[in-house]
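User: I'm new to this structure and would like to learn how to read it. Could you walk me through it?

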Amino acid sequence: MVSDAVIAEYFPALQQDIGGNKLVYLDSAATTQKPQCVIDAITHYYEHDNANIHRGVHTLSQRATQSYENARVRIAKLLHANRHEEIIFLRGATEAINLVAQAYARPRLGEDDVILITEMEHHSNIVPWQLVCEQTGASLEIIPICDDGSIDMVAYKTLLSENTRVVSMSHVSNAIGTINPIKEMCSLAKEVGATTVIDGAQATGHMKVDFQEINCDFYAISGHKMFGPTGIGCLVGKYELLQEMEPWQGGGDMILTVSFEETIWNEVPFKFEAGTPNIAGAIGLGAAVSFIEELGYNTINKIEDELLLYGTQTLREIEGVTIIGTAPHKAGVIAFTLDGVHPHDVGTILDHSGVAIRTGNHCAEPLMKRFGLNATCRASFSVYNTKEEIDKLAAAVKDAITMLG
Ligand SMILES: Cc1ncc(COP(=O)(O)O)c(C=O)c1O
């Protein structure tokens, strides 16, 4: 049973010193640390059950298949999918969005069609659509954001038209933490008949996501940002749409029969899982889901909301710090700049104190441009962080100002 008393103790990588200081890990938006149960699940698979799945009659293969498919069922339950076949295992959110772009959008779009994305997207939710536009002649239009980093809903409503065929947006911005009103945005998109895609990479490790309630068509998740291993993620897609779609990649497991004359596709979700999948990754993600369930999103939200509030107040009080992104609904991400100091220099100095933050454009160059910046510093929180760690961040930021400002 996971207790919220000392959550950091479940994470072995957090129990180390960097440069003589206890590690303060504030880069969870890039990837979360992994709890021991996830590491154990992966190790157990390789030590006891290692075999290929779906095609073996021997015991190891059956065990591996069972664990892999159990993970699918757990994820479906966590995200309240309509059925577990709606979960497709992929490399991550990037691959999930590319799959929708290529296997759903590309065959259906042409000139005059419009794909709408927001100004705050991660490159993973920009470039796949640019590729589809090049391939089909469709055009990409951008929903602007307001100065506080929230979606300009008036502009969104104006942009929606009968030509809008796809609306794709992040649930939570990795760069500024804004939580977007995706349920409302999906409902507005549906009114004009558009297909909706949500990039949920930054959401599922932090907040309850209900696929049925959001009522989007596709939802992309990233395993490594929700305590799971790297190289695993999922696409959740409405079953009827997944059935309509042609496969994206060909190979083993995605077929029922193959002859040189004709190949018949396997059923959803296997139709989209060509080749040997990341079996250990899926099992590790299943363990991460159990970890989240045991802790509970209520606990996660409570801790992260307090950290966001305290971190925002603490950093705001430091002269020379500007916080970028102050939308009313935010997840535990604080982007900031220091007057006259390059973010990379701040990041390097903080690392000497054991404080790990992210600096750069956060794979969101258009968003940086919107704020007239090339880069920011970003502190992002997870359930294992504490207010004391925020105090250490603030102290290290003050040191950086003294040294560089
Ligand atoms: C908002 C957002 N979308 C997509 C991605 C890409 O996710 P993945 O690493 O699972 O491909 C990231 C990763 O940083 C992200 O923050």
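Analyst: Let's go through the ligand site, then the sheet, then a couple of backbone details. Keep in mind that this is a predicted model.

User: Which residues surround the ligand?

Analyst: Start by listing the neighbours. Here the ligand is surrounded by Gly92, Ala93, Thr94, His122, Ser124, Asn174, Asp199, Ala201, Gln202, Ser222, His224 and Lys225. Sorted by class, that shell has 2 nonpolar, 8 polar and 2 charged residues.

User: How far is an oxygen atom of the ligand from the polar side-chain atom of Thr94?

Analyst: For polar contacts, look for N or O pairs within 3.5 Å. In the case of Thr94, the distance is 2.5 Å. Two histidines also take part: a side-chain N or O atom of His224 is 2.8 Å from a ligand oxygen, and for His122 the value is 3.2 Å. As for cover, the ligand has 400 Å² of accessible area on its own, and the protein covers 86% of that.

User: Now the sheet. In what order do the strands come?

Analyst: Read a sheet from one side to the other, noting each neighbour. This open sheet is formed by 7 strands in the order 4-10-9-8-7-5-6, with mixed pairing. Strand 4 (87-90) and strand 6 (139-143) are the edges, each pairing on one side only. From one strand to the next, the twist averages 20 degrees.

User: In which sense do strand 5 and strand 6 pair?

Analyst: Here you check the direction of the strands and count bridges. Strand 5 (residues 114-118) pairs with strand 6 in the parallel sense, over 5 bridges. To find one of these pairs yourself, take Ile115: its bridge partner in strand 6 is Leu140.

User: Which strands does helix 6 lie across?

Analyst: For a helix against a sheet, ask what it touches and how it is angled. Helix 6 (residues 182-191) lies across strand 6, strand 7 (164-170), strand 8 (195-199) and strand 9 (218-222). Relative to strand 8, helix 6 runs at about 160 degrees.

User: And the backbone details? Where is the cis peptide bond?

Analyst: For that one, look at omega. The cis bond joins Val268 and Pro269, with omega about 10 degrees. Pro269 sits in the loop between strand 12 (263-265) and helix 9 (279-295).

User: What is phi of His80?

Analyst: Here the sign is what to read. Phi of His80 is near 50 degrees, a positive value in a residue other than glycine. You'll find His80 in the loop between helix 2 (59-78) and strand 4.

Note on methods. Residues numbered from 1 in each chain as written. Predicted model: local features only at pLDDT ≥ 70, side-chain atom pairs only at ≥ 80, totals over all residues. Heavy atoms only, no water. Near = heavy atom within 4 Å. Polar contact = N/O pair within 3.5 Å; in protein donor to acceptor, adjacent residues only side chain to side chain. Areas by Shrake-Rupley, 256 points an atom, 1.4 Å probe, with all protein chains shown as cover. Nonpolar A, V, L, I, M, F, W, Y, C, P; charged D, E, K, R; others polar. Pairing = 2+ DSSP bridges. Helix = DSSP H or I, 4+ residues; strand = E, 2+ residues; numbered from the N terminus. Axes fitted to C-alpha atoms, helices over the stretch in contact; angles between N-to-C directions. Contact = heavy atoms within 4.5 Å.
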